[in-house]
Every structure is written in structure tokens, then in C-alpha cells.
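Subject: Structure handover

Hello,

Here is the structure for your files. Please look it over before reading the notes beneath it.

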Amino acid sequence: MISKENILAVAKKTILSESEAIVKLIDYLDDNFSKAVELIFQSKGRLVVTGIGKSAIIGQKMVASFNSTGTPSMFLHAAEAIHGDLGMIQKDDVIICISKSGNSPEIKALIPLLKRDGNPLIGICGNTSSALAKGSDYVLNTTVDAEACPINLAPTNSTTAQLVMGDALAICLMEMRDFKAEDFAKYHPGGALGKKLLLKVKDLIEHNQKPIVGPETPVKKVIFEISEKRLGVTAVIENNKVVGIVTDGDIRRMLNDIDSFTDLTAKDIMTKNPKWTSSNTMAIDALQILENHSITQLIVIDNEEYKGVLHLHDILKEGIL
């Protein structure tokens, strides 16, 4: 058993080793990388990523990143490829093959099969003299001096280098496609991420009630309106325009300051020029407004027309935070 201090020392050494391996990738970037990106970008087919062992796992993550950022991709396991799955490859597809050594038996057997129909091959490997490097049209060098593994066997630095090279490809392709947040949202419609990118204020308030009082409405009725509509606020409307709001906080301050409110009306206690937003505002942007002003409600107005109230709870229940 090693001590707690030694555990932390090993962890730090591992992280440092992998970070140093990644930094060295910068010196390996050359025209092969640029041409590979241009080839993928101009392709009319898909990007097929293949590998075996730990490289196959990295390949699956690459495919996930490519697909979610606008580059149609699929994963082909090297071992399955030579047992029938080569039929997945179409004539316009570009192929990426990942291998640390570039000389594993499965990869050596696969290379001529991948190229027999003229598909361009991009090799990501850590041995530029390997069969994979020699058989590839473009080689992306992911050489590492050693693994972080103390016996230099378990893929650590090498797989991290592969992963980072794949990320570099994906980000370059995003830039070339001028890939925007709106595009990203198309591929991530579910979960909190999708909601951040897709949900608008109008989607959150469509089922909310619309609390409304007039400037001359007695405070007692104002309190009833706030309680009944259950949003902690009501808009004060005059000539079809929002002239203020009355919140739970306004009511509490009024009760603290005066003994009787029999003669008071909404205009006497309302907050003028309330914070507001439009129904087409993204929910995540509306949340930012609420946080910036330390408030929990926003009046929603479109072309001076009162549309309703957005409450912080409307955003929270969607799991955006």
C-alpha cells in the first residue's frame, strides 16, 4: 500500500506526463494535417473512423464529436471490418485509421482492403515508419516518448494524444463550416444542453397565467391577484401598456411601512420601469438578466404588448441550471 501523499504524487506525475505528450503534438503538425482537414471538408461522403483495442474506443469518441459538430461520421471496428463490415464503406467516404504502432496484425491486413476502392486514408499513428503510415495518404503523427504507465505498457499518453488530434480535426472542421451554436443545437435537442440552446421565453410562459391590475386597483385586490396567479408579481397595465409591477416584496415593504392600506392603490406601491424581456429571448439569456439584477421575475413584452411573466422557477424546472 502506498501513502496518501504518494497517491497524489503519482496522480500529478500522470497528469504532467500526459500534458507534456499533448504539447509535443504541436511540433508534429504539418501539411498532412491541413490537407487532411481540407479532404474531409470537401468530401461528399462520410468520415469512417476505424481502429482496434484502445484506439477503437478513441475512434468512437471521435465519431461522436464529428457527428455532433457537423461532420457525418461512423465507426468501423477493425476486427469486424475484415469479417463483413467493409460493406459499410461507400465510394465517397474518407477513412481515418487509428493505431499507436501502426503495425498490429489487424491493421496491416486492413490497410489494402480500405484502399482497394480508392478511398483516401488518413492514418493517426505514433510510428511514422509503420505499415499504416506508409499506406496512408496523409499521416497525423501522435508519437509519444513513453506511456504514463509505470511499466510503459498501458495506453495512456498515446490514447490521449490520439484523442487530442481528433479534437483538433473536429474543431478545424467546425471553423471551416462556420458552425454556430444554432447548428450545435440541432444535434443536441435533448437534456439541459439542448434546452439551453433551444428554449425561448415564450416556451416557458405559455402555460402561465397573466396577472394584471390597473393603476387604480385597490391594494387588497392587488394582493388577491398576486396570490391567485401564483407568480409573486402582477403587471400594472394602463392604456394597454405596462406602467409598473407590484411584487411580493413591494407588498411586504408596504405592510412594514404603514398601518393601513385601505386607501392605497397599485400605483402607490408599484415599481416603475420594471425589468422586462421579449418572448423570443433565449431562456438562458433571460436567466442571465435575472441573475444580473438579483430578481426572480421578468415581465414579457412584445412590441409594447404585455405577454406574461417569466419566473425563475420556470427556468429551474427545465433543468437549465
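The notes below cover one helix and two pockets.

This is a predicted model, in which local features need pLDDT of at least 70 and side-chain atom pairs count only at pLDDT 80 or more, while totals for chains, interfaces and linings use all residues. Residues are numbered from 1 along each chain as its sequence is written, and side-chain values use heavy atoms, without hydrogens and water.

Helix H7 (helices are DSSP runs of H or I, at least four residues, numbered from the N terminus) covers residues 157–176. From first C-alpha to last, H7 reaches 29 Å, close to the 28 Å expected at 1.5 Å a residue, where the expected span is 1.5 Å times one less than the number of residues. Its buried residues (under 20% relative accessible area, 1.4 Å probe, protein chains only) include Met165, Leu169 and Leu173. After H7 comes aspartate 178, with a positive phi near 50 degrees.

A pocket here is an open set of points on a 1 Å grid over the protein atoms alone, where a 1.4 Å probe fits, with protein on both sides within 12 Å along at least five of seven lines; lining residues have an atom within 4 Å of a point. The largest pocket holds about 290 Å³ of space. Its lining has 16 residues, with Ile245, Thr247, Ile295, Thr296 and Gln297 closest to the centre. H12 gives the most to this lining, five residues.

The second largest pocket holds about 190 Å³. Ile52, Ser55, Lys100, Ser101 and Pro155 are the closest to its centre among 16 lining residues. H7 supplies the largest share of that lining, three residues.

Regards

Conventions:
Helices (H or I, at least four residues) and strands (E, at least two) are DSSP runs, numbered from the N terminus. Buried means under 20% relative accessible area, exposed over 50%, partly exposed in between (1.4 Å probe, protein chains only). Grid points are joined across faces, edges and corners, and a volume is the space filled by probe spheres set on the points.
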